[in-house]
Amino acid sequence: MESIENLANKVLKKADMAVEDSLLSAMNLPFFSALRWVERQTHTRTNHAQMLVGLREGLFLKEFVVHTQSVRILEIGTFTGYSLLCLSEGVRSVLASRGIKDIRYGEDTRVDAIELNPQLDYLINGGLQKAGTAKLVKVCFGDALTVIPEKFLDRKYDLVFIDANKRQYSEYYNLVYPLVEPEGYILADNVIWYGKVNESANLSDSKSQGIAYFNKLVESDQRTEKTLLNIRDGLYIVKKLKKNFI
Ligand SMILES: C[S@@+](CC[C@H](N)C(=O)[O-])C[C@H]1O[C@@H](n2cnc3c(N)ncnc32)[C@H](O)[C@@H]1O
């Protein structure tokens, strides 16, 4: 069976090719127009544009969804919706390859997103409308640590993307683990945390401590196969093994 490291690098190559393609030919597609719109709006209306995953990692996420044929996705930490656009475009592509054009949120195909700040609704929805994937997505505003136990415990996912409060990564991981299907994925962003979480680092701030604790938790989790991809600020790719899953 293909190792998770090979898989991640293969998808990264595809994503890099997609970045080039997008620059050359696809810039007028609704998906790319939507990404550009969200990026511009984020720069204009917030002071936190650095939080966006950006084009390279965004296209990696999209290609990863396509490659793994994931059609039930949960995102924790949506901000203005850039990564959500990429994940939902991935699902749209999977469905299109199966001849399904009438995309709809449902039991078998859905993208759920949880975001703390309800004021971002306008931007998130604006992007999804422009990309044409709004019907596939439901955004729930609230604290993921409350929303998941209250509303999501009966849901199943092929892929969960974690990109919210760095102090709470381990809690998100433990909460979503039972919701992920065997052979499904948990992806966690910013796990290099600007190099602040290496062995010798002095973990003086709570975000670095949260990420370092999370990385140890993932490393020692025998129920999974994992690889840390050196893209942007580090992306952990964790695959739940078929056997011994709980
Ligand atoms: C790094 S940003 C997400 C960026 C987004 N994934 C992208 O690349 O387009 C983190 C977001 O997580 C949200 N957040 C923080 N704690 C949260 C929580 N407990 N539940 C849900 N969202 C949370 C923040 O409001 C912020 O918008």
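Here is a friendly conversation between a visitor and a guide about this predicted model.

Visitor: Why are helix H6 and helix H7 called roughly parallel to each other?

Guide: The axes of H6 (residues 144–152) and H7 (residues 169–176) come within 10 Å and cross at roughly 10 degrees. Angles under 35 degrees count as roughly parallel, so H6 and H7 earn that description.

Visitor: How do you know which residues make the contact between them?

Guide: Two residues are in contact if their C-beta atoms, placed from the backbone, lie within 7 Å. On the H6 side the contact is made by Ala144, Leu145, Ile148 and Pro149, and on the H7 side by Glu171, Tyr172, Leu175 and Val176. By class, these residues divide into 7 nonpolar, no polar and 1 charged.

Visitor: Let us turn to the sheet. What makes strand E3 and strand E6 edge strands?

Guide: The open sheet has 7 strands in the order E3-E2-E1-E4-E5-E7-E6, with mixed pairing. E3 (137–141) and E6 (224–229) each have a single partner strand, so one side of each is left without a neighbour in the sheet. From one strand to the next, the twist averages 15 degrees.

Visitor: How do you know that strand E5 and strand E7 pair, and in which sense?

Guide: Two strands pair if DSSP finds at least two bridges between them. E5 (residues 180–189) and E7 (residues 235–240) have 5 bridges and pair in the antiparallel sense. As an example, isoleucine 186 has valine 238 of E7 as its bridge partner.

Visitor: And what joins strand E2 to E3?

Guide: There are 5 bridges here too, and E2 and E3 run parallel. Valine 111 stands opposite valine 137 in E3. Together with helix H5 (residues 121–131), E2 and E3 make a right-handed β-α-β unit.

Visitor: Which strands does helix H3 touch, and what is its direction relative to E4?

Guide: H3 (residues 54–68) packs on the sheet and touches strand E1 (72–76), strand E4 (157–162), E5 and E7. The direction of H3 makes about 165 degrees with that of E4. Angles over 145 degrees count as roughly antiparallel.

Visitor: Last stop, the ligand. Which residues come nearest, and what makes up the shell?

Guide: Of the 20 residues around the ligand, Gly77, Phe79, Tyr82, Ala144 and Asn165 come nearest. The shell has 11 nonpolar, 6 polar and 3 charged residues. Helix H4 (82–97), strand E2 (110–115) and H6 each supply at least two residues of this shell. Ala144 has also appeared already, in the contact of H6 with H7.

Definitions and conventions
Residues are numbered from 1 along each chain as its sequence is written. This is a predicted model: local features need pLDDT of at least 70, side-chain atom pairs count only at pLDDT 80 or more; totals for chains, interfaces and linings use all residues. Axes are lines fitted to C-alpha atoms, for helices over the stretch in contact, and angles run from 0 to 180 degrees between N-to-C directions. Helices (H or I, at least four residues) and strands (E, at least two) are DSSP runs, numbered from the N terminus. Angles under 35 degrees count as roughly parallel, over 145 as roughly antiparallel, 65 to 115 as roughly perpendicular and the rest as oblique. Ala, Val, Leu, Ile, Met, Phe, Trp, Tyr, Cys and Pro count as nonpolar, Asp, Glu, Lys and Arg as charged, and the others, Gly among them, as polar. A residue is near a molecule or strand if its C-beta atom, placed from the backbone, lies within 6 Å of it. A crossover is right-handed if, with the strands pointing away from the viewer, the path from the first strand over the helix to the second runs clockwise.
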